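User: I'd like a close look at one part of this protein. Could you start with one residue and then take me on to the elements that help to place it in context?

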Amino acid sequence: MALARTRAVALVGVQGHLVDVEADVGQGVPAYALVGLPDTSLSESRDRVRAAVLNSRQPWPSSRRITVNLSPASLPKRGSGFDLAIACAVLAAQAVVPVGVFDAAVLIGELGLDGRVRPVRGVLPAVAAAVAAGVRSAVVPAANEAEARLVPGARVTGVRSLAELVALARGEEPPEEPASEAGSADADPDGGAAAEPARPDAGQRDLARLDLGDVLGQPMGRFALEVAAAGGHHLLMLGPPGAGKTMLAERLPGLLPPLDPEAALEVTAVHSVAGTLPSGTPLVTVAPFQAPHHTASVPAIVGGGSSHVRPGAASLAHRGVLFLDEAPEFAPGVLDALRQPLESGEISVARLAAQVRFPARFQLVLAANPCPCGMAVGRGLDCRCTPMAKVRYLARLSGPLLDRVDLRLEMLPASRAALRDDAATESTAVVAARVLAARERMGRRLEGTPWRANAEVPGHVLRREWRLPWEVVAPAESQLDRGVLTARGVDRVLRVAWTLADLAGRGLPDAGDVALALEYRGVERRAA
């Protein structure tokens, strides 16, 4: 039989779509045609697949016309992960392997010229999409096997070479590979590190060793961080250089509870597509932390790309923290691009060929100086900025963006007494225990709803399902009547009040919780 079919998966963002890979080996002028809307890297698979098949000591129909079709043809296909499926389809069309042996599986992997199966990005969402479509068997590169096994119900086979897969398809004993091939799947033929999957930056790995007890003074800042961690609230810290804004922000991930299994798979899928999964730990179980430089572009933050759309820092911070230090220095377009994902929890990137969606439910932490020179604190005697310069500087943080920030804190430099007395500072473990207890309380209250934390509950649901007495909400509503708060701002004040009550172990917020929540929005008038 000169026609055979295998299956692969095409990724559009983090969504996978099954693709039928059909190979026809027939009479005619010797040629190789690949159809079905492939991109450049996929079109180059012809030479990779041919060399891999020949170097695996399998026949290649050089005197025949080979046509490979990727169906559905209207779906864009990108990347080198189709190599393995194409090679097996051509071999099955020649009866080198039994026809139909791969009908119940998806094949994912890039082929080296020597026949080795190299790791690729996006294996986790690809296998998850296959299982959701009813295809539970998957053949993946050995380096991606642990990642693929995270998908519930998947039957995963990891292979190191095309020759090994051919032997398994024939029911034969896999051949022994040379040491250079059978070694670590993360090493390239020259002994260097493989380009995929990429490693996270060293700074992110070092965050696990940071402790909140290192921050001296700043009791309001420490408590604001605790409230932000407990309720999932966005935070703005306004203060002079050296006040501890960055120290506090970097310690927020340590206060967040470990990711639950569903969230861990969501985060891992995004990092798998981006190629940033840590080596040896395929499942991301801790809240991610992203701190892009203020020169970052809009695509770097929200995701983008001309031909292959990849997630940006906002999606890489999904279920974690996105920290923008020196926030007024970011381009206005970058900051305003975050307004939509702050509300919806996802990012939609539209391109001519497709519309790609990435999850982006993150906690936004902004740090800013009070003025360009940073010294407009207290009486501001050391400040060299004009009043107009101060207004222009903070006006870079737009009102619509600030309206989405729940906690706004004005920080002063730590006093000499605070630097000397560190006995009262609590460690990350102590504060994280209180945060976890508060999360458990709100989890019981939100059970049966799609929301996990107070900051995610829509305002109309908050007012309808958990209505508070008039005397409790009166301070916030009076601010609404005066025009100090917007309707969205009132909702955010009430969410913070619920978090304060959860931290205190109370069943309902009281007027003091609402008053404190309003106090934490006191930066609004200065930053407006």
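What is the place of glutamine 218?

Analyst: Happy to help. This is a predicted model, in which local features need pLDDT of at least 70 and side-chain atom pairs count only at pLDDT 80 or more, while totals for chains, interfaces and linings use all residues. Residues are numbered from 1 along each chain as its sequence is written, and side-chain values use heavy atoms, with hydrogens and water left out.

Glutamine 218 sits in the loop between helix 8 (202–206) and helix 9 (219–231). Helices here are DSSP runs of H or I with at least four residues, strands are E runs of at least two, and both are numbered from the N terminus. The phi of glutamine 218 is near 55°, a positive value in a residue other than glycine. As background, most residues other than glycine have a negative phi, and most peptide bonds are trans. Glutamine 218 counts as buried because its relative accessibility is 10%; buried means under 20% relative accessible area, exposed means over 50%, and partly exposed is in between, using a 1.4 Å probe and protein chains only.

Another residue with a backbone of this kind is arginine 319, where phi is near 65°, again positive in a residue other than glycine. Its loop runs between helix 13 (313–316) and strand 12 (321–324). With a relative accessible area of 18%, arginine 319 is buried. The backbone also holds a cis peptide bond, between serine 71 and proline 72, with omega about 10°. Proline 72 belongs to the loop between strand 4 (65–71) and helix 3 (83–93).

Helix 3 deserves a moment. It is largely enclosed by the rest of the structure, because 11 of its 11 residues are buried. Among them are Asp83, Leu84, Cys88 and Val90. After helix 3 comes alanine 95, with a positive phi near 65°.

Arginine 319 also leads us to the largest pocket, as it is among the residues closest to the pocket centre, together with Arg361, Arg452, Ala453 and Glu456. The space in this pocket is about 880 Å³. On a 1 Å grid over the protein atoms alone, a cavity is a set of points where a 1.4 Å probe fits but cannot get out, and a pocket is an open set with protein on both sides within 12 Å along at least five of seven lines; lining residues have an atom within 4 Å of a point. Grid points are joined across faces, edges and corners, and the volume is the space filled by probe spheres set on the points. The lining is made of 16 nonpolar, 10 polar and 14 charged residues; Ala, Val, Leu, Ile, Met, Phe, Trp, Tyr, Cys and Pro count as nonpolar, Asp, Glu, Lys and Arg as charged, and the others, Gly among them, as polar. Several helices supply at least two lining residues each, including helix 11 (261–274), helix 19 (428–445) and helix 22 (487–504).

Helix 19 is also home to arginine 434. This arginine 434 counts as partly exposed because its relative accessibility is 29%. Leaving aside neighbours within four places in sequence, arginine 434 touches Glu226, Glu426 and Leu503, where contact means heavy atoms within 4.5 Å.

Helix 22 turns up again beside helix 21 (residues 470–481): what covers the buried residues of helix 21 includes helix 22 and helix 23 (511–519). Those buried residues are Val472, Val473, Ala474, Ala476 and Gln479. Following helix 21 is glycine 483, with a positive phi near 85°.

Finally, back to strand 12, one boundary of the loop that holds arginine 319. Both faces of strand 12 are covered, with Val321 and Phe323 buried on one side and Leu322 and Leu324 buried on the other. Strand 11 (residues 289–290) runs parallel to strand 12 and is joined to it by 2 bridges; two strands pair if DSSP finds at least two bridges between them. Here leucine 322 is the bridge partner of glutamine 290. Strand 12 also pairs with strand 15 (residues 363–368) in the parallel sense, over 4 bridges, and leucine 324 stands opposite leucine 366 in strand 15.
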